Amino acid sequence: MFKMSPRLPPECLLCIFENFGPRNNDWTDSFKSLYACILVNRKWCEVGLTILWREPIEWLHSKERNRSRLVSLMTVYISCLPDDSKLQILNSALQLPDSTLKSASIDYSSLMKGFDYQSLYNAIGFWLSKNYNQQKNMTTNEIKFHQLQFMNLVCKLFMNKCKNLRRFSIFMKAGIKDEILHLPLLLGAEECLSNITEFSCKGCLSSEFMYLASQSCRNIKRFNIECCCTDNGGLIRLIEVQKVPLDCILINMKNNNIPLLEDVIRKRSHSVTEIRLFGLDYSLDYFKESKNLEKIKVFPTMHIDESIWENFIHCSFPKLRELRIRPKYCSLLQLGTLIKNTHGSLEYLEINFADSINVEEFPAFTEILINNCKNLYYYNGPFHIEGFEMLQSFFQKCPKLEYLIIRNSKSDVEYVKNGVDISNLLQQSGSFIPINLTKFEIIGNFIISVEALKIFLQECSIRLLKVLEFKFTPQSLDIELVMENFANQNVIKSNYNKYEMCENPLGFIQE
């Protein structure tokens, strides 16, 4: 455990503890570190609890290995219920653990900032399966009745206690989507829901629920909409009534013809800073004048008209920092035009390969990449690594690179079988490698000589500030031994690819 002054102000502690939160740790078990922090002293406890308890149900439910902890978590929340609610549970012939009969010493329910309906519903189901009176031999319908009863009591608790709720998510499975409680009608819900800034839902859910939510929720800046097969009047109304500018829209659906939803998005598109489109691909045209766009993620599910691509890529996006795209039916050179129109603002670029990519465009695209991405710290995509001095130029003109994953630019079988020697290219580039690079992966069948690899890694040991994760496919055992040697020197990480000796390593059918 690191040492830290107990006199740090709460604001500093909060910034530090955020590094242990789920969103900064891919929802892993970092709650253990947070729990250790709250045991230090009272001040640490108060600050740490605000992170540990702001969305614990979703946190634990997101990883199957942690779901067993939901039983004890729900026990804590049930201890926060008022006495009349506990009495209602006891009167319905359900057992309550002794630990829930007395009130909790801390009002944990008031600390929640993220409400996930499906995760809460499942957590209550886990708790009931562990604690209900098995001697009553309850039927499935009786168990479901009690699950909804508990859901109602716990939701009343949250609506009454959560005054700082920011995120609301309601992705219900098809079999139980009609059992959704009308939360906006519960006591205290109007004040609780009025603070929500992020709303996630399945667009095919009850329109009535959406209409009710629109009466309380007027400060939503981020919408995450999935599975909307037809227009939902309640959802349209919810988007329309917001008093704040729309900041982020995430759409994930198969239907590409939802006119009312498209219309309301078009009307509010001017303020958007982030879009994520997985379907409803034609709506890309609505954001061509969104000059505040900072993040774009577009993975088309259908063919996008060439005119829509053309209109979009020729617009200027001077604030765009992050672009993740699968350029389906969009050429690399068209994508290059979009990159040029960011005027060097891009920091994160991820290009997923699509069938429509023309490998003949790799050299020209790589030149665009080199000359227009001076602020890039992350790149994952095509790169003409065979080009003379291209990698060296990329390193020189993009000195902020931290993560680099480059992919094969050739598709013919003979090339992939025999590989191409990039020894000189790598050897010459070593003395220009960006000092903050922490990951470098070359995907494809490339040949690197032992001597070139030694020179490159020796330069890495001199220039790099951190241990490098360096991956490519070794062509010999000697190459693996070089990798092992530099891993032992802590120049590269030990998770490098191992040499696999076989006559047909890439699995080609022998004719």
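**View 1. Ile236, Ile239 and Glu240 of helix 12 are in contact with Leu260, Leu261 and Val264 of helix 13.** Contact means heavy atoms within 4.5 Å. This is a predicted model, in which local features need pLDDT of at least 70 and side-chain atom pairs count only at pLDDT 80 or more, while totals for chains, interfaces and linings use all residues. Residues are numbered from 1 along each chain as its sequence is written, and side-chain values use heavy atoms, with hydrogens and water left out. The residues of this contact divide into five nonpolar, no polar and one charged. Nonpolar covers Ala, Val, Leu, Ile, Met, Phe, Trp, Tyr, Cys and Pro; charged covers Asp, Glu, Lys and Arg; polar covers the others, Gly among them. Helix 12 spans residues 233-240 and helix 13 residues 259-267; their axes are 10 Å apart and make an angle of about 5 degrees. The two helices are therefore roughly parallel. Axes are lines fitted to C-alpha atoms, for helices over the stretch in contact, and angles run from 0 to 180 degrees between N-to-C directions. Angles under 35 degrees count as roughly parallel, over 145 as roughly antiparallel, 65 to 115 as roughly perpendicular and the rest as oblique. Helices (H or I, at least four residues) and strands (E, at least two) are DSSP runs, numbered from the N terminus.

**View 2. Helix 17 (residues 390-397) has the buried residues Met390, Leu391, Gln392, Phe394 and Phe395.** Buried means under 20% relative accessible area, exposed over 50%, and partly exposed in between (1.4 Å probe, protein chains only). The cover over these residues includes helix 16 (362-372), helix 19 (423-429) and strands 10 (378-382), 11 (403-407) and 13 (439-443).

**View 3. Cys227, in the loop between strand 4 (222-226) and helix 12, has a positive phi.** The phi of Cys227 is near 55 degrees. Most residues other than glycine have a negative phi. Cys227 counts as partly exposed because its relative accessibility is 32%.

**View 4. His343 lies in the loop between helix 15 (332-340) and strand 9 (348-351).** His343 is not a glycine, yet its phi is positive, at about 55 degrees. With a relative accessible area of 53%, His343 is exposed.
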